[in-house]
Amino acid sequence: MSHHLASTTAAASSSPSRRPSLTSFPSPLHRPSALFQQTNFVATRTERKPAPSVAAAAASPVSPLHRLEEMSDHEAIPERLAVVTGGNRGIGIEVCRQLALQGVTVILTARDEERGKAAVESLCRESNLSNIIFHQLDILDAGSRASLARHIETRYGKLDILVNNAGVGGVAVDQEGLRALNIDPKMWLSGKAAHLVESVIIQTYDEAVKCLNTNYYGLKWATEALLPLLKKSTSGARIINTSSLRSELQRMPNEKLRESLRDADSWDEARIEAMLSEFLEDMKNGRLEAAGWPMMLPAYSMSKMVVNLYTRILARRHPEMRINCVHPGFVKTEINWNTGVLPPEEGARGAVMLALAPGDGPTGCYFDQTKMGEAW
Ligand SMILES: NC(=O)c1ccc[n+]([C@@H]2O[C@H](COP(=O)([O-])OP(=O)(O)OC[C@H]3O[C@@H](n4cnc5c(N)ncnc54)[C@H](OP(=O)(O)O)[C@@H]3O)[C@@H](O)[C@H]2O)c1
């Protein structure tokens, strides 16, 4: 199967000069205020009532919930407009709900039109919301990305928030076999279950390619398609990339690569793509363990490690925006065959907090739910 990985020859594991650990913040990126580091401001703020519909708010522009600027006689621009990818289920649908409850107009996107529209309908019905709109988006389809960008350009002329949530696990699983193993969530999280699950998890090369394509390339391409609109945000754009605990560098056995990954400033997209090509090559040749790649969900782990790097790269490139990545917690959703322990409502909180972060909030950082994490 062909894949999207670049053929650049830059050696991913080449060893640039070692720099200090980035568990503190890398110097070129914004340092968040002390307040931001210790608070979970979404959890502590009073939840607002559902916002009125765009039409109703347009008729009443003084509404504190949904102030609108007049664009023309027929169109109104919401003060804050968000796109959420993979919004039809799991954490994504909850991000949509919580953002809408905060007065943000949300474009819930899904690759499947029927599933996406059903999700919007259920949110509107269950939470009495009318500020959620559906638009189709398959992040792996260039036509679909362009169509969404065109729609937003024509209708709103800008975008304020992008939550890159869509993702896949990169493995097939024998679900009954997995349930029978009755694995303690702590073993999952620590990675100690890696050998235990070998008998029920099937990792194929094609699944690995799909995982890297969706979780990294799809996220990057969706971001690139929407960046021109985010640049037009009047409130300061926010991009939130969904990462995972699996991205943490302590989980990377290859010491040389681990140290080089810590030096986030030395990475660009070409180098990331070269590393992913090397990873796939080793996978194809059965050399993952020998080469020191992560053995617990290898493709998924790699995809999320590079999401973190890409977040840093983007944040450096766009200091006017707040761009962060977040591990949502171990959440009970389909991606982990419902083995997670947190409800999706909790899993959504980190992304929502970062979407609503103040203008002097952090950028280029990794969050473990609502707390700044120590992944780097
Ligand atoms: N659950 C956890 O414990 C956990 C932990 C760490 C990180 N995460 C991350 O959280 C994010 C959300 O996952 P989840 O737990 O909510 O899992 P989920 O319930 O499986 O949701 C995944 C979503 O991604 C969508 N998607 C997949 N490929 C897509 C594509 N090419 N274009 C558009 N949408 C696509 C799916 O759409 P379909 O319905 O059409 O398949 C679905 O809406 C993922 O990035 C995941 O890696 C989750």
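Strand 6 (residues 161-164) and strand 9 (residues 238-242) run parallel and are joined by 4 bridges. Helices (H or I, at least four residues) and strands (E, at least two) are DSSP runs, numbered from the N terminus. At one point along this pair, N164 stands opposite N241 in strand 9. Before going further, please keep in mind that this is a predicted model, in which local features need pLDDT of at least 70, side-chain atom pairs count only at pLDDT 80 or more, and totals for chains, interfaces and linings use all residues. Residues are numbered from 1 along each chain as its sequence is written.

Let us stay with strand 6 for a moment. Strand 6 is covered on both faces: I161 and V163 are buried on one side, and L162 and N164 are buried on the other. A residue is called buried if 20 or more other C-beta atoms lie within 10 Å of its own, exposed if 12 or fewer, and partly exposed in between, with C-beta atoms placed from the backbone. Strand 6 is also joined to strand 3 by 3 bridges, and these two run parallel. Here V83 stands opposite L162 in strand 6. Strand 3 (residues 81-84) in turn runs parallel to strand 4 (residues 105-110), with 4 bridges between them. Within that pairing, A82 has V106 of strand 4 as its bridge partner.

Now step back to the whole sheet. Strands of a sheet pair through backbone hydrogen bonds, either parallel or antiparallel. In this model, 8 strands form an open sheet with mixed pairing, in the order 5-4-3-6-9-10-11-12. Its edge strands are strand 5 (132-136) and strand 12 (371-372), each of which pairs on one side only. Two strands are said to pair if DSSP finds at least two bridges between them.

Just before strand 12 there is a residue worth a look. Q369 lies in the loop between strand 11 (366-368) and strand 12. Its phi is near 55 degrees, a positive value in a residue other than glycine. Q369 counts as buried because it has 21 C-beta neighbours inside 10 Å. L297 offers another such case, with phi near 45 degrees, again a positive value in a residue other than glycine. L297 sits in the loop between helix 12 (288-291) and helix 13. It is buried, with 25 other C-beta atoms within 10 Å.

Next, follow the chain out of strand 9. The loop between strand 9 and helix 10 holds E248, and L249 is found there too. Are these two buried or partly exposed? E248 has 22 C-beta neighbours inside 10 Å and so counts as buried, whereas L249 has 18 and counts as partly exposed. From C-alpha to C-alpha, E248 is 9.8 Å from R258, and the two are 10 residues apart in sequence. L249 and P294 are 45 residues apart in sequence, with 9.7 Å between their C-alpha atoms.

That loop leads to helix 10 (residues 255-262), whose buried residues are L257, S260 and L261. They lie on the same side of helix 10 because they cover an arc of only 100 degrees around the axis. The arc is that of the directions from the helix axis to the C-beta atoms. These buried residues pack against helix 13 (298-317). Two residues count as in contact if their C-beta atoms, placed from the backbone, lie within 7 Å.

The ligand is our next stop. Among the 32 residues around it, G86, G90, G167, T333 and I335 come nearest; a residue is near a molecule or strand if its C-beta atom, placed from the backbone, lies within 6 Å of it. The shell divides into 11 nonpolar, 15 polar and 6 charged residues. Ala, Val, Leu, Ile, Met, Phe, Trp, Tyr, Cys and Pro count as nonpolar, Asp, Glu, Lys and Arg as charged, and the others, Gly among them, as polar. Helix 4 (90-101) and helix 9 (205-230) each supply at least two residues of the shell, and helix 4 gives the most, with 3 residues.

Finally, here is the protein as a whole. Its secondary structure comes to 15 helices and 12 strands, and 45% of its 376 residues count as buried. The mean pLDDT (the predictor's confidence in each residue, from 0 to 100) is 82, and 79% of the residues reach 70 or more. Over residues 1-74 the pLDDT is below 50, and this stretch has 125 contacts in the model beyond near neighbours in sequence.
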